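Reader: I'm new to looking at structures, and I get lost when I try to take in everything at once. Please pick one helix, take me through it slowly, and then show me what else is worth a look.

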Amino acid sequence: MMFKDVIGQKPVKEHLISMVKEDRISHAQLFTGPQGAGLMPMALAFAQYVNCQNPGPEDSCGVCPACKKMAKLVHPDFHFVFPVIKRNNPKPVSTDYLDEWRNFVLQSPYFTDHEWFSFLNAERGQGMIYTQEGNEIIKKLSLKTFEGKYKIMIVWQPEKMHNFAANKLLKILEEPPARTLFILVSDYPAGVLPTILSRTQQLKIPKIDDEAMANGLMETFHVPEEQARSVARISGGNFIKARDVIDNSEEKKFFHDMFANSMRNAYSGKLDEIIKWVDAAAGLPKERLKNMLLYCIDILRESFIANYNIAELVYATPVEDQFISKFKSFVNDRNVEAMVEEYAMALSHIEQNGNIRLVLFDMSMKVSSLFRMSNQLA
Ligand SMILES: [Zn+2]
């Protein structure tokens, strides 16, 4: 993750970057702040910057081998500790859940503990960093540094650490191995063992300001500016809350209906229905139409990905979830790229002031033919 992908928080980013440039990285840091401010995204971006082989003045390069591995969360010198649940293993550690964790974090690094536990299908939504994690931490850190400048360990929710594990961590914080960086991430620092707290340098990350929030929402969800600004105002600087508001918004429901209808038409191939749809879409204000097409592209991709059960989709609303679970069987590697390409092309023609009705009609016919051919309906 790069700093540019962390919403707002310019002063925090500048502070962290200067820390690296001046080579005064404290070996144990605690990122705290309100929920949805972006503590985890900031920790990920900082970790990537620290180990980037070619860091720029404002961000990691994003292209060096270290950045690429950090972006996928697979860098050999990059470790995570996080609360887990007891499934089959009575003595679980973070490593047991690493694949799920990576999928979860890569979907969106803005999340709550509730979302993590429901991702794991934890019945009661409870988890902790269990006793045996203490030995795991020592094991991971005693590995020789493979390729990074630093060995980095992100500990998410240190307040959920069992005392035994916490004491092992404390011991390491007291006598840290060389070139090791701990980033503790907690929105509830009052719950962290005071002896651990006193060993860390605290960095308070404030809530996201409205301006940055609105820009972040437009970029992430393609919502119109007016809506982004109004959601930013009511979200109180909490990106997770803002995302929930947008997920449940009328606009998204409308886009969803438009997409579902266009796919129904593609399946049936009924010309009069296709024309009706084109008329309705062409009647939308241009920006809204563009957002709707972007939404269609997102849903197509998400439906395709859903076939691989890579992970449950964090962004999907219950309505979308239900839709995708049925629709995904119609989206496959024979049609998904070509269909996405049709939507993207329509989008670009509309941006270049093409005749909107013609562009949409052409797109609908091509999508219908792709859809029917690949599902052997033609
Ligand atoms: Zn790099």
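Author: Let's start with the word itself: a helix here is a DSSP run of H or I with at least four residues, and helices are numbered from the N terminus. Keep in mind that this is a predicted model. The one to look at is α10, which covers residues 225-235.

Begin with the inside. Which residues of α10 are buried? They are A228, V231, A232 and S235. Look down the axis of α10 and these buried residues fall within an arc of 105°, so they line one face of the helix. Now turn to the face that points away from that buried side: E226, R233 and I234 sit there, and they are exposed. As for the cover over the buried residues, α9 (210-221) and α11 (239-247) are among the parts that provide it. Just past the end of α10 comes G236, with a positive phi of about 60°.

That phi is a handy thing to follow. Most residues other than glycine have a negative phi. Two residues here go the other way without being glycines. Q9 has a positive phi of about 60°, and you'll find Q9 in the segment before α1 (10-21). D23 has a positive phi of about 50° and belongs to the loop between α1 and β1 (28-32). Is each one buried or exposed? Q9 has 24 C-beta neighbours inside 10 Å, so Q9 counts as buried. D23 has 6 other C-beta atoms within 10 Å, so D23 is exposed.

Now step back to the whole chain. It has 17 helices and five strands. The radius of gyration is 23 Å, close to the 21 Å that the globule rule gives for 378 residues, so the chain is as compact as a globular protein of that length. The C-alpha trace spans about 75 × 45 × 40 Å along its principal axes, and 39% of the 378 residues count as buried.

Where do the nonpolar buried residues gather? The largest nonpolar core has 74 residues, and A43, A47, I183, V185 and L217 touch the most other members. Helix α2 (residues 39-51) gives the largest share, 10 residues. Domain 1 (3-204) and domain 2 (210-247) both contribute to this core, so it lies between them. A second, separate core has 28 residues, including A266, L293, C296 and L300.

For a feel of the packing, take A47: beyond its neighbours within four places in sequence, A47 is in contact with M70, F78, I152, I154 and I183.

Both I152 and I154 lead us to strand β3. β3 runs over residues 151-156, and six of its six residues are buried. In a regular strand the side chains alternate between the two faces of the sheet. In β3, K151, M153 and V155 point one way, while I152, I154 and W156 point the other way. β3 also has partners: strand β2 (residues 78-81) pairs with β3 in the parallel sense over four bridges, with F78 opposite I152. Strand β4 (residues 180-186) pairs with β3 in the parallel sense too, over six bridges, and there K151 stands opposite T180.

Key:
Residues are numbered from 1 along each chain as its sequence is written. This is a predicted model: local features need pLDDT of at least 70, side-chain atom pairs count only at pLDDT 80 or more; totals for chains, interfaces and linings use all residues. A residue is buried if 20 or more other C-beta atoms lie within 10 Å of its own, exposed if 12 or fewer, and partly exposed in between; C-beta atoms are placed from the backbone. Helices (H or I, at least four residues) and strands (E, at least two) are DSSP runs, numbered from the N terminus. The arc is that of the directions from the helix axis to the C-beta atoms. Two residues are in contact if their C-beta atoms, placed from the backbone, lie within 7 Å. The radius of gyration is taken over C-alpha atoms; the globule rule is 2.2 Å times the number of residues to the power 0.38. A nonpolar core is a set of buried Ala, Val, Leu, Ile, Met, Phe, Trp, Tyr and Cys residues joined through C-beta atoms within 7 Å. Domain bounds come from an automatic or database domain assignment. Two strands pair if DSSP finds at least two bridges between them.
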